[in-house]
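The following exercises are to be worked through with the sequence and the three-dimensional structure in view. Each task is followed by a solution in steps.

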Amino acid sequence: MTSQFIVAGNIRDIHLVRKSADSAAHVLTTSEVIVGLLIRRRYDLVYSYDPVDGIRLEYHGTEVDPESFFSSTHLGRATASTTGRLADLIRNARAPGAPRVAVVIAYASRLWAEEPHAGPDLRGLFAAAEKRANSNDGEDQLRNNPGRFDCGIFWLADEAQDAPQWLSRASGVRLVHIPLPSLGLRKSGAGLFLRRMDDPARTDAAAASAAETVLADLSQGMTLREIDSVVTLAIEQGIDITRIDEALRSYRLGVLESPWGDPLLLQRLKRGTDSIGRRVLGQPRAIQQALTVLTRSAMGLTGAHVGNASGRPQGILFFAGPTGVGKTELAKALAETLFGAEDAYIRFDMSEFSAEHSEARLIGAPPGYVGHSAGGELTNAVRDRPFSILLFDEIEKAHPRILDKFLQILEDGRLTDGSGETVYFSETVIVFTSNLGTYRSSSEAGASDNFARWGDPYRDTEAKVRRAIEVHFTEQLQRPELLSRIGDNIVVFDFISEAVARELVRKYLSAVIRRVQTRHGITLRILPDVSNTIEENAVENLAFGGRGVGSIVETLFVNPLTRALISAEKSAQALAASQLTRLESSWELRLTSSDDNQPFTSKHF
């Protein structure tokens, strides 16, 4: 016969209770629900205990005098001897002819944690509870009083595993786990709490019903107490019932204003094709496709096709294609467009997460392991900056176990870190990048027509890259569900053309000119034939994309310039111009004075 219950799980929540099927629901705490149940079970005396208020009489039957059983002078605030008096209460309840007594003990996990250092009073309580757990008194009472159950003690614990084994394994003890509220309960709670926002003059029944559905759908993983707090926040901030999802986001993130609600965001996205196009060269299709996804989110149409709101990330993009064509640069440009700052972009190199144990780096080590208190790199970043672009570079190199975490992020928009705290990704944009389906050079060993190369038409490149992605995630990793969550948001970048490579050379040279002017006070002027020579070298092999072009500029221009600046003799005269001309096997830097434009000195290297 069960004499004690360990009640764990969602014990801090509030609960909806109805006296009858057709009566209105009202809200009770977990302790209040248990006390009510004990009263209906015809217990004579019901006590509660917590470390702050001590022992308190919650109910006594009309035929029972509680003072004759347990003096009221001992009730009240907790003292050093309160647990000892609680042990006396449990012992007295077992005496012949004693009334039926039940005790609800709150914060039981704290009591159990003190067991190794317990004083005589607390040890007495545990001894009484252990004897009660292994007693047959309950069976005798059941035989003498059919239909009346003697439960004895209810322990309210944070986690079931907090209970000591002598208690949890006893035959007279049962574990009861209270789960988080289901969708049906969340909807009932939302309907009850939202009545506080109802204004018949402004809100029709359809709007109230829609808000109830939205709040129930988006509050997965939340308690009813938290849902009630969301409604309270909406009332305090003057948020209309039709925008209850905004109140939910603010409650979760602790941020009242969202960049996604900025009225200027749509204007920035409209201008994005031109502004980002000047930054990411030669990728108009990729830019347009990415902006379409983000514009959809800015207009509140994410998840509109399924008929309800979603807690998923605001945007999911998979940037695929050759190396050095602007995938990372586009992510940075999108961060600046969306959130007004390029540093709203957070990058993770997935080649560093190829081992199974590297999962702990992302979400944090579990309790008891080294580094637990530090948290995870990903969860910490999103908690600190909920409005950001998360770039996962070379996603194909991540361990499959880490890919499983992405499934949860893309589906639910949330992730539980190593300490059990939930982190929400609902305001982020997730960007994956990959080089799958491309070769770095057409002469690479093992080249196949199944892989894209520079010079292929864009349609062929796109088809080969998409096919390689499908094969990798579906056939090799057995993770087709990841692609299903990404959907048609795979953005394939093209190889850079010769025209783009030449434009990049001019862009990089201009950046060098600005840097030299800023750092050294020297104005460089590059002759056209010098620029042309660098361009011709840059377009000889475009398989490395913009990185290859940058390497050519660094080798043929920046390195010689560095040596010239170091070896040039200092002069009191202002240096206003520099000219680079190509010799047979070297560069010549002629520094000229600003007065007569005549050679001031010359160095060969």
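A residue is called buried under 20% relative accessible area, exposed over 50%, and partly exposed in between, with a 1.4 Å probe and protein chains only. The model is predicted, so local features need pLDDT of at least 70 and side-chain atom pairs count only at pLDDT 80 or more, while totals for chains, interfaces and linings use all residues. Residues are numbered from 1 along each chain as its sequence is written, and side-chain values use heavy atoms, with hydrogens and water left out.

**Exercise 1. Describe the surroundings of Thr 428.**

Step 1. Helices (H or I, at least four residues) and strands (E, at least two) are DSSP runs, numbered from the N terminus. Thr 428 is found in the loop between E13 and E14.

Step 2. With a relative accessible area of 0%, Thr 428 is buried.

Step 3. A contact requires heavy atoms within 4.5 Å. Neighbours within four places in sequence being left aside, Thr 428 is in contact with Pro 313, Gln 314, Gly 315, Val 382, Pro 386, Ser 388 and Leu 390.

Step 4. The side chain of Thr 428 also reaches the backbone oxygen of Phe 425, at 2.8 Å.

**Exercise 2. Determine the strand order of the open sheet and locate the helices that lie across it.**

Step 1. Two strands pair if DSSP finds at least two bridges between them. Five strands make up the open sheet, in the order E10-E11-E14-E9-E15, and their pairing is parallel.

Step 2. At the edges are E10 (345-349) and E15 (490-492), each of which pairs on one side only.

Step 3. Axes are lines fitted to C-alpha atoms, for helices over the stretch in contact, and angles run from 0 to 180 degrees between N-to-C directions. From one strand to the next, the twist averages 20 degrees.

Step 4. E10 is joined to E11 (residues 389-393) by five bridges. Ile 346 has Leu 390 in E11 as its bridge partner.

Step 5. Helix H14 (residues 327-339) lies across E9, E10, E11 and E14, and runs at about 170 degrees to E11. Helix H16 (residues 377-384) lies across E10 and E11, at about 175 degrees to E10.

**Exercise 3. Which parts of the chain does the salt bridge between Arg 383 and Asp 417 tie together?**

Step 1. A salt bridge is a side-chain nitrogen of Lys or Arg within 4 Å of a carboxyl oxygen of Asp or Glu. The structure holds 31 of them.

Step 2. In the salt bridge of Arg 383 with Asp 417, the closest N and O atoms are 2.7 Å apart.

Step 3. Because Arg 383 lies in helix H16 and Asp 417 in the loop between E12 and E13, the pair ties together parts that are 34 residues apart in sequence.

Step 4. Arg 383 is partly exposed at 39% relative accessible area, whereas Asp 417 is buried at 8%.

**Exercise 4. Locate the partners of the salt bridge between Arg 506 and Glu 535, and state whether each is buried, partly exposed or exposed.**

Step 1. The closest N and O atoms of Arg 506 and Glu 535 are 3.2 Å apart.

Step 2. Arg 506 belongs to helix H20 (residues 498-520) and Glu 535 to helix H21 (residues 528-538), so the pair links distant parts of the chain, 29 residues apart.

Step 3. Arg 506, at 43% relative accessible area, is partly exposed. Glu 535, at 4%, is buried.

Terms used:
A polar contact is a pair of N or O atoms within 3.5 Å; within protein, one must be able to donate a hydrogen and the other to accept it, and residues adjacent in sequence count only if both atoms are side-chain atoms.
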